[in-house]
Structure formats: structure tokens, C-alpha cells
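Please load the model in your viewer and keep the sequence panel open beside it. The tour below proceeds by selection, with a short account of what is found at each stop.

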Amino acid sequence: MEDLLLAGGDYATAGEALESIGDSQGAARAYTYGGLVEPMEALLARDQAELDRERTVRDAFADYEMHLRMGDRDAARADLEQCIATA
């Protein structure tokens, strides 16, 4: 599908279409082929923000489990609240 969208030569529309179906790598390629730096940077920034959110949730949940095992319920609760707020 990516090849078909790129073959049309409208790289901005191809990138948007690929983004809409969750193909970030294909969208970045389309933007790159079209020399569309701003949309590519915005896409990469959104992807990085999502990765950061996922990492924060994983770390907070790991901290929650550790504090729960140690018996520190207040810290465990705070970690769990951070998971919920971030997710």
C-alpha cells in the first residue's frame, strides 16, 4: 500500500494517509521523499512523546510493584496514580 501511495507523487497526502493507518515509518519515508521536513519532524516528535509516555508508565508500574513488595503502600499508591495519570 505504501508503494502505491508513494507512486502517486503526492507525498504530503501519502504521509497523512499512512499516518492515519498508524504506519509512522511509511509516513516518515513519504515526508522525506517529498522534502517535507516540518511534517516529518512533527510525526517524529509525536512518536517520541508516545515512547516517553510508555516508558514512564512502565517505570512507574515497576516502582509500584517494588514499593508494594517492600510494604511502602503510600509510595506504591503514588506510583500507581502516576501510571493512571500518564496513561
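A residue is called buried when its relative accessible area is under 20%, and exposed when that value is over 50%. The coordinates are those of a predicted model.

**First stop: a histidine in helix 4**

Select His-67, which lies in helix 4. Its relative accessibility is 16%, so His-67 counts as buried. Now display its surroundings: leaving aside residues up to four places away in sequence, His-67 touches Asp-72, Ala-75, Ala-76 and Asp-79.

**Second stop: helix 4 against helix 5**

Extend the selection to helix 4 (residues 37–70) and helix 5 (residues 73–86), whose axes come within 8 Å and cross at roughly 160°. Helix 4 is therefore roughly antiparallel to helix 5. The crossing of these two helices is left-handed. To see the contact from the side of helix 4, select Arg-53, Thr-56, Val-57, Ala-60, Phe-61, Asp-63, Tyr-64, His-67 and Leu-68. On the side of helix 5, the contact is made by Ala-75, Ala-76, Asp-79, Leu-80, Gln-82, Cys-83 and Thr-86. Colouring by residue class gives 9 nonpolar, 4 polar and 3 charged residues in this contact.

**Third stop: helix 3 against helix 4**

Keep helix 4 and add helix 3. The axes of helix 3 and helix 4 come within 9 Å and cross at roughly 160°, and the two helices are therefore roughly antiparallel to each other. Helix 3 passes helix 4 in a left-handed crossing. From helix 3, select Ser-24, Ala-27, Ala-28, Tyr-31 and Thr-32; they meet Pro-39, Met-40, Leu-43 and Asp-47 of helix 4. The contact of helix 3 with helix 4 comprises 6 nonpolar, 2 polar and 1 charged residues.

**Fourth stop: helix 2 against helix 3**

Hide helix 4 and bring in helix 2. The axes of helix 2 and helix 3 come within 8 Å and cross at roughly 170°, which means that helix 2 is roughly antiparallel to helix 3. Helix 2 contributes Tyr-11, Ala-12, Ala-14, Gly-15, Glu-16, Leu-18 and Glu-19 to the contact, and helix 3 contributes Gly-26, Ala-27, Ala-30, Tyr-31 and Tyr-33. By class, 8 of the residues in the contact of helix 2 with helix 3 are nonpolar, 2 are polar and 2 are charged.

**Fifth stop: the buried side of helix 3**

Which residues of helix 3 are buried? Select Gly-26, Ala-27, Ala-28, Ala-30 and Tyr-31 to display them. Their cover includes helix 1 (2–7), helix 2 and helix 4. Just after helix 3, select Gly-35, where phi is positive, at about 70°.

**Last stop: the largest nonpolar core**

Show as spheres Leu-6, Ala-14, Leu-18, Ala-27, Ala-28, Ala-30, Tyr-31 and Leu-43, the 8 residues of the largest nonpolar core. Helix 2 (11–20) and helix 3 (24–33) each supply at least two residues of this core. Helix 3 gives the most, with 4 residues.

Finish by centring the view on Tyr-31, a member of this core. With residues up to four places away in sequence not counted, Tyr-31 touches Tyr-11, Ala-12, Gly-15, Glu-16, Glu-19, Leu-36, Pro-39, Met-40 and Leu-43. Tyr-31 also takes part in the contact of helix 3 with helix 2 and in that with helix 4.

Conventions. Residues numbered from 1 in each chain as written. Predicted model: local features only at pLDDT ≥ 70, side-chain atom pairs only at ≥ 80, totals over all residues. Heavy atoms only, no water. Core = buried A, V, L, I, M, F, W, Y, C linked by side-chain atoms within 4.5 Å. Buried < 20%, exposed > 50% of the residue type's maximum accessible area, 1.4 Å probe, protein only. Contact = heavy atoms within 4.5 Å. Axes fitted to C-alpha atoms, helices over the stretch in contact; angles between N-to-C directions. Parallel < 35°, antiparallel > 145°, perpendicular 65-115°, else oblique. Left-handed = near helix turned anticlockwise from the far one by under 90°. Nonpolar A, V, L, I, M, F, W, Y, C, P; charged D, E, K, R; others polar.
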